[in-house]
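Let's take a walk through this protein together, with the sequence in one hand and the 3D view in the other. Here is what we will be looking at.

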Amino acid sequence: MTTLTKKLTLEEYLAYDDETDVKYELVDGELVVMPPETNRNNRISLYLLSEFLKLVPFYLICHKDTEIVVTGRQTRVRLPDLMILTEELYTAIAGKRATITPDMPSPALVVEVVSPGKVNEDRDYRYKRSEYAARGIPEYWIVDAGNAKVTLLTLVDGFYEEAVFLENNHIISATFPELKLTAAQILTVGEE
């Protein structure tokens, strides 16, 4: 859902304030409303947050609150479900708006929990995959409860190599090798 007809520049987007709590992504100059998450998706992202807290300091974890500028046909700004910052990135963003701009380092990891629907699947599997690779993000997870799988993408020579984890497969992360989770642990936490 787009709210404006005029295309925004990145600078206009960063200054935009409609005085509501609505969250947006910027896609090719258009504001796109981020609909509320399902309860299941919220539980999955919170569960992953709790697991990453065992491995990294609290201040390096962003949960649905930090944007990242990526490129598409035009500038795009994405709002991931979960992001793990590097110390260098944390220092670069400290005291500023919670937006990772192109002049800042990339986060160590981005996680997207797929919302139901074809549009959301295309966005997470196709568009964000190329955007995050171009941004140089070393690891991108796509958690897809609807299709019962976790896709882990590892950046190699500018492209993502894909590993898909199902059921009791242990997640193998190059960035966080000490992580001890199975796909089922992640995917079933959100079941009602």
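In the hairpin of strand 1 and strand 2, which residue takes a positive phi? That residue is D28, with a phi near 50°, in a hairpin that has two residues between its strands. Before going further, a word on the source: this is a predicted model, in which local features need pLDDT of at least 70 and side-chain atom pairs count only at pLDDT 80 or more, while totals for chains, interfaces and linings use all residues. Residues are numbered from 1 along each chain as its sequence is written, and side-chain values use heavy atoms, with hydrogens and water left out.

Let's stay with the hairpin for a moment. Strand 1 covers residues 24-27 and strand 2 covers residues 30-33, and they pair in the antiparallel sense over four bridges. Pairing here asks for at least two bridges found by DSSP between the two strands. You can follow the register by eye: Y24 stands opposite V33 in strand 2, and L26 stands opposite L31 in strand 2.

Now find K7, in the segment before helix 1 (10-15). Setting aside residues up to four places away in sequence, K7 touches E12, D28, G29, E30 and Q74, where a contact means heavy atoms within 4.5 Å. That list includes D28, the residue with positive phi in the hairpin. K7 and L31 are 24 residues apart in sequence, yet their C-alpha atoms are 8.3 Å apart in space. K7 counts as partly exposed because its relative accessibility is 42%; on this scale buried means under 20% relative accessible area, exposed means over 50%, and partly exposed lies in between, with a 1.4 Å probe and protein chains only.

Time to step back and look at the whole. The protein has five helices and 11 strands, where helices (H or I, at least four residues) and strands (E, at least two) are DSSP runs numbered from the N terminus. Its radius of gyration is 16 Å, close to the 16 Å that the globule rule gives for 192 residues, so the protein is as compact as a globular protein of that length. That radius is taken over C-alpha atoms, and the rule is 2.2 Å times the number of residues to the power 0.38. Along the principal axes, the C-alpha atoms fill a box of roughly 50 × 35 × 30 Å. Of the 192 residues, 45% count as buried. Among contacts between residues at least 6 apart in sequence, 54% join residues at least 24 apart.

What about the surface? The protein exposes about 9,800 Å², and carbon and sulfur atoms supply 55% of this area; the areas come from the Shrake-Rupley method with a 1.4 Å probe, and for residues only the protein chains shown count as cover.

Next, look at two loops with positive phi values. K64 is found in the loop between strand 3 (61-63) and strand 4 (67-71). Its phi is near 55°, a positive value in a residue other than glycine. K64 is buried because its relative accessible area is 14%. D157 sits in the loop between strand 10 and strand 11, and D157 has a positive phi of about 50° although it is not a glycine. D157 counts as exposed because its relative accessibility is 74%. G158 also has its place in the loop between strand 10 (149-156) and strand 11. G158 is partly exposed, with a relative accessible area of 42%. The C-alpha atoms of G158 and P138 are 9.3 Å apart in space, with their places 20 residues apart in sequence numbering.

Our last stop is the stretch leading into helix 5. T182 lies in the loop between strand 11 (159-165) and helix 5 (183-188). Is T182 buried or exposed? T182 is buried, with a relative accessible area of 9%. Leaving aside neighbours within four places in sequence, T182 is in contact with E167, N168, N169, H170 and I171. A184 lies in helix 5 and, with the neighbours within four places left out again, is in contact with E167 and N168. A184 and V150 are 34 residues apart along the chain, and their C-alpha atoms are separated by 9.1 Å.
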